[in-house]
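Thank you all for coming; I would like to walk you slowly through one structure today, and I will begin by putting the sequence and the model on the screen.

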Amino acid sequence: MTENLPSCPECSSAYTYEMGALLVCPECGHEWTPAPTGAAGDTEDGVIRDSVGNVLADGDTVTVTKTLKVKGHPTGIKAGTKVRNIRLVEGVAGHDIDCKIDGFGAMQLKSSVVKKA
């Protein structure tokens with residue numbers, strides 16, 4: 001696993017896992033919803049941040065941090081792909097970057113899968 005989930009607030013177990021929108025502790029059975037963190041994609045203060053916490057702005061160049069599957073395309077977007085001249089938008093389902101990617105065309109990305117170049 002590459003993601004770090006928080007420890008259980010009841011018994012402090014480190015073996016928590018996700019089940020839908022909930023986090024679950026297998027040791028004590030406690031279930032809770034994860035608290036929003038101040039990490040990537042934080043828009044509480046009106047600022048959109050990348051996967052490492054850098055503030056993004058219209059016109060920035062970003063790099064995709066992990067390989068993304070694209071519906072209808074056999075290869076997808078590979079990690080390390082540079083995306084130039086992004087535009088920040090209020091997107092659907094957390095997609096807050098509007099851009100054009102060479103070979104793919106116009107699409108929306110989540111700020112949690114890019115880092116500022």
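Let me start with a question: does Arg-87 count as buried, partly exposed or exposed? Before answering, I should say that what you see is a predicted model. Arg-87 has a relative accessibility of 45%, and because partly exposed covers the range between 20% and 50%, Arg-87 counts as partly exposed.

Now to its partner. Arg-87 forms a salt bridge with Asp-98, and the closest N and O atoms of this pair are 2.4 Å apart. Asp-98 belongs to strand β7, residues 95-101, while Arg-87 sits in strand β6, residues 87-88, so the salt bridge ties together parts of the chain that are 11 residues apart in sequence.

Staying with β7 for a moment, this strand runs antiparallel to β8, residues 105-110, and 6 bridges join the two. Within that pairing, Cys-99 stands opposite Met-107 in β8. The two strands, β7 and β8, form a hairpin with 3 residues between them, and in the turn Gly-103 has a positive phi of about 90°.

The search of the whole structure finds 2 salt bridges, and we still have to look at the one between the side chains of Lys-116 and Asp-60, where the N to O distance is 3.6 Å. This pair links distant parts of the chain, 56 residues apart, with Lys-116 in strand β9 and Asp-60 in the loop between β3 and β4. As for accessibility, Lys-116 is partly exposed at 35% relative accessible area, whereas Asp-60, at 15%, counts as buried.

Note on methods: Residues are numbered from 1 along each chain as its sequence is written. This is a predicted model: local features need pLDDT of at least 70, side-chain atom pairs count only at pLDDT 80 or more; totals for chains, interfaces and linings use all residues. Side-chain values use heavy atoms; hydrogens and water are left out. A salt bridge is a side-chain nitrogen of Lys or Arg within 4 Å of a carboxyl oxygen of Asp or Glu. Helices (H or I, at least four residues) and strands (E, at least two) are DSSP runs, numbered from the N terminus. Buried means under 20% relative accessible area, exposed over 50%, partly exposed in between (1.4 Å probe, protein chains only). Two strands pair if DSSP finds at least two bridges between them.
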